[in-house]
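Welcome, and please open the model in your viewer. We will go from one selection to the next, and at each stop I will tell you what is there.

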Amino acid sequence: MSLQKNKKGADKLISIYWFMILTIIAGGVVMMVNGYYSSPYDVREVEGDIFASKLANCIYPAGTANPNFVSVQGIIKPEFIENFESHCKLNIEPEGEFEKAQYYAKITFYRTEKKKSEEQVIEIGNKNFLVDCKSKDTSKNLATCVENEFWMMFPGDRLKFVTVLTAIGKTDQNA
Amino acid sequence: MHKEKNQNKKGQVGDTITWFIATVAIIAILMFFIFGASMLGSTKSVGKYKESLTSRATYEGDDVFLKKTIFTYLAVDGAKTKANINKYLEAADEEDKFKVPAKETLTEVRSNHARKE
């Protein structure tokens, strides 16, 4: 009689133990899924590529230089550079009042593809990211930089080699 | 009777140790997997895919910058300049600078260009 009671007690204890283990494992699985899916996808490289193609399409759409960007004489219009963002329909200003800009772009015009002498440079956005682009460190705490290049024909059949460097910050969201 | 009780006690201690070690092992394995999952999660990056996924053979997208260069190549008149751009295209293609093969894209754009004309 006493032995049977003991067995019942031990069974109850083991059931509680298994219930606890089950809860711990279930909690662990929840933590694993949360740990994996809560961290964001780093899309800065793709974003930089899209940003660069938007800039290239703005100055050189469909194989002809934008007439608002370059004059008939083949000179880049200063007025266009001054209001580059509005002309290219870009919105790279930070959302909050005390937040810094998360985008940077540098369009450089060269005479040849050897990139020896810069003829003209257009820069927009947060210039601090340029240091990150020169760094060899690939840490997530640095801005992600993408560089693209193409040949462009200016009016008067003058050729220019153009490089478009874009940098996306957003380190707080991705680090 | 006394001996029997002692033996029972020893058995209980042995059982408890077994269960305790098993619990610790389960928790340790769980911790390892939780850590692994969070580590894998932090390396998620769109744009850096496996080589087999981004290779030119499987890529179905376009290269805006390559097309711009090709448009320039087709629009330009001088033979020397044309040769220069062609040289650039070949060199850049060899360095895998473009997302799609330059030669095939050039042929495609050229045929579209001729059709329009």
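How much area do chain B and chain A bury between them, and what percentage of it is on carbon and sulfur atoms? The answer, for this predicted model, is about 3,100 Å², with 68% of it on carbon and sulfur atoms.

**Stop 1: the interface**

Colour the two chains separately and select the residues that touch across the boundary. You should pick up 33 residues from chain B and 40 residues from chain A. Two salt bridges are counted between chain B and chain A. To see one of them, show the side chains of Lys99(B) and Asp49(A), which meet with an N to O distance of 2.8 Å. Polar contacts cross here as well: 10 residue pairs between chain B and chain A, both residues at pLDDT 80 or more.

Now hide chain A for a moment and look at the side of chain B that touches it. Helices α1 (2-42), α3 (64-75) and α4 (79-94) of chain B each supply at least two residues to that side. The largest share comes from α1(B), with 13 residues. Colour this side of chain B by residue class and you will find 17 nonpolar, 10 polar and six charged residues.

**Stop 2: a lysine in chain B**

Stay with chain B and select Lys67(B), which is found in helix α3 of that chain. Its side chain makes a polar contact with the side chain of Asp62(B), at 3.1 Å. Setting aside neighbours within four places in sequence, Lys67(B) is in contact with Asp62(B), Thr105(B), Glu108(B) and Val109(B).

**Stop 3: the domains of chain A**

Bring chain A back and colour residues 1-39 as domain 1 and residues 44-168 as domain 2. The C-alpha centres of these two domains of chain A lie 59 Å apart.

**Stop 4: a disulfide in chain A**

Next, search for disulfides: the whole structure has two over all chains. Zoom in on the one that joins Cys58(A) to Cys88(A), with an S to S distance of 1.9 Å. Why is this disulfide left-handed? Because the torsion about the S-S bond of Cys58(A) and Cys88(A) is about -75 degrees. Follow the backbone out from each cysteine: Cys58(A) lies in helix α2 (residues 44-59) of chain A, while Cys88(A) lies in the loop between α4 (84-87) and β1 (103-110) of chain A, so the pair ties together parts that are 30 residues apart in sequence.

How values were computed. Residues numbered from 1 in each chain as written. Chains lettered and ligands numbered in written order. Predicted model: local features only at pLDDT ≥ 70, side-chain atom pairs only at ≥ 80, totals over all residues. Heavy atoms only, no water. Contact = heavy atoms within 4.5 Å. Buried area = accessible area lost by both parts, 1.4 Å probe. Salt bridge = Lys/Arg side-chain N within 4 Å of Asp/Glu carboxyl O. Polar contact = N/O pair within 3.5 Å; in protein donor to acceptor, adjacent residues only side chain to side chain. Helix = DSSP H or I, 4+ residues; strand = E, 2+ residues; numbered from the N terminus. Nonpolar A, V, L, I, M, F, W, Y, C, P; charged D, E, K, R; others polar. Domains from an automatic or database assignment. Disulfide = S-S within 2.5 Å.
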